[in-house]
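Here is a friendly briefing on the side-chain interactions in this model. Have the viewer open as you read, and follow the topics in order.

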Amino acid sequence: MKKRKFLTQGRLAAAIVVVVLVIDQLIKIAVKTNMLLYERIHIADWFYIYFTENNGMAFGMEIFAKLFLTLFRIVAVVLISGYLYKIVHQKELYRTGYIVCLSFILAGAIGNIIDCVFYGEVFSASLPDQVAQWVPVGEGYSSWLHGKVVDMFYFPIIDTYWPDWMPVVGGDHLIFFSPIFNFADAAISCGIIALLVFYGSYLSKEGAEKRPSQEEGGRS
């Protein structure tokens, strides 16, 4: 009888989700309970820990109403979870790298949902002159589903000014890559980019058909 390997694709996916969530939440809680809102910690000229909060989507974007975004995230997580569960239990094998990409996207989405659903209930408000603290449930700065997402990674790789001779923007401040994001955002972005670059066929019409894995010896 062939011995089954311990690290199946399902277990690998679960491990990635748990590890990403733990790292994401530890970072967010450490920042939120130790830093003032908008406080910066200089790591390098091109890297700061810069504490901000946002009501919107990844990288600080705010487009739709907060409740809509939270509910949208929850629906997306349910759909991704169902799809991931389905493909790791099918007889037709999917490449392990594809499973890993989906797991990172799922973990990142859950990480930001935790902020939105719970943080408003269990933390006091973060202010420029006041560090947030844990509070009894219901005594926080907002209600269920209306919490703010904690962001902290800031990479102003190029921080300079446009040349004066340039029309319109001459003399204006130029920052290349100004978004402030968190570990969950990074997990989502890396998962999506890797998915598009390496597994685009799975997202195309032809790739929608189940296909056996030719990589990594199939499902482990």
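This predicted model holds 3 salt bridges. Two of the bridges share a lysine, as Asp24, Lys28 and Asp115 are linked in a network. Beyond the charges, there are 15 aromatic pairs, and the largest nonpolar core has 25 residues.

**The salt-bridge network**

- Aspartate 24 bridges to lysine 28, with 2.9 Å between the closest N and O atoms.
- Both partners belong to helix α1 (residues 9-32), where they sit 4 residues apart, about one turn of the helix.
- Lysine 28 also meets aspartate 115 in a salt bridge, at 3.1 Å from N to O.
- That second contact joins distant parts of the chain, since lysine 28 is in helix α1 and aspartate 115 is in helix α3 (residues 96-122), 87 residues apart.
- Are the members of this network buried or exposed? Aspartate 24 is buried, with a relative accessible area of 1%; lysine 28 is buried at 0%, and aspartate 115 is buried at 0%.
- Aspartate 24 counts as buried because its 1% relative accessible area falls under the 20% cut-off.

**The bridge between helix and strand**

- Glutamate 53 and lysine 32 form a salt bridge through their side chains, with an N to O distance of 2.5 Å.
- Glutamate 53 is in strand β2 (residues 47-54) and lysine 32 is in helix α1, so this bridge ties together parts that are 21 residues apart in sequence.
- Lysine 32 is buried at 0% relative accessible area.
- Glutamate 53 has a relative accessible area of 16%, and it is classed as buried because the cut-off is under 20%.

**Aromatic rings**

- A pair of aromatic rings is described by two values, the distance of the centres and the angle of the planes.
- The count of aromatic pairs comes to 15.
- Tyrosine 94 and tyrosine 98 are stacked, because their ring centres are 5.8 Å apart and their planes are at 20 degrees, under the 30 degrees required for stacking.
- Tyrosine 94 is buried, with 5% relative accessibility, and tyrosine 98 is buried, with 2%.
- Phenylalanine 155 and phenylalanine 181 are also a stacked pair, with centres 5.8 Å apart and planes at 20 degrees.
- This phenylalanine pair links distant parts of the chain: phenylalanine 155 is in the loop between β3 (149-154) and β4 (158-161), while phenylalanine 181 is in strand β6 (residues 180-181), 26 residues apart.
- Phenylalanine 181 is buried at 10% relative accessible area.
- Which residues make up the aromatic cluster with Phe155 and Phe181? The other members are Trp46, Phe47, Phe153 and Phe177.

**A charge over two rings**

- The charged end of arginine 40 sits over the ring of tyrosine 50, at 4.5 Å from its centre.
- The charged end of arginine 40 also sits over the ring of tyrosine 48, at 5.6 Å from its centre.

**Nonpolar cores**

- Among the 25 residues of the largest nonpolar core, Leu84, Ile87, Tyr98, Ile99 and Leu195 touch the most other members.
- Elements that give two or more residues to this core are α1, α2, α3 and α4 (183-198).
- Which element gives the most to the core? Helix α3 does, with 10 residues.
- Leucine 84 touches Ala13, Ile99, Leu102, Ser103 and Leu106, leaving out residues up to four places away in sequence.
- A second, separate core has 14 residues, including Val31, Phe123, Val150 and Met152.

**A buried threonine**

- Threonine 70 is in helix α2 (residues 66-88) and is buried, at 0% relative accessibility.
- What does threonine 70 contact, once its neighbours within four places in sequence are set aside? Its contacts are Cys116, Val117 and Leu145.

How values were computed
Residues are numbered from 1 along each chain as its sequence is written. This is a predicted model: local features need pLDDT of at least 70, side-chain atom pairs count only at pLDDT 80 or more; totals for chains, interfaces and linings use all residues. Side-chain values use heavy atoms; hydrogens and water are left out. A salt bridge is a side-chain nitrogen of Lys or Arg within 4 Å of a carboxyl oxygen of Asp or Glu. Buried means under 20% relative accessible area, exposed over 50%, partly exposed in between (1.4 Å probe, protein chains only). Rings of Phe, Tyr and Trp (its six-membered ring) pair if their centres lie within 6.5 Å; planes under 30 degrees apart count as stacked, over 60 as edge-to-face and the rest as tilted. A charge sits over a ring if NZ of Lys or CZ of Arg is within 6 Å of the ring centre and within 35 degrees of the ring normal. Contact means heavy atoms within 4.5 Å. A nonpolar core is a set of buried Ala, Val, Leu, Ile, Met, Phe, Trp, Tyr and Cys residues joined through side-chain atoms within 4.5 Å.
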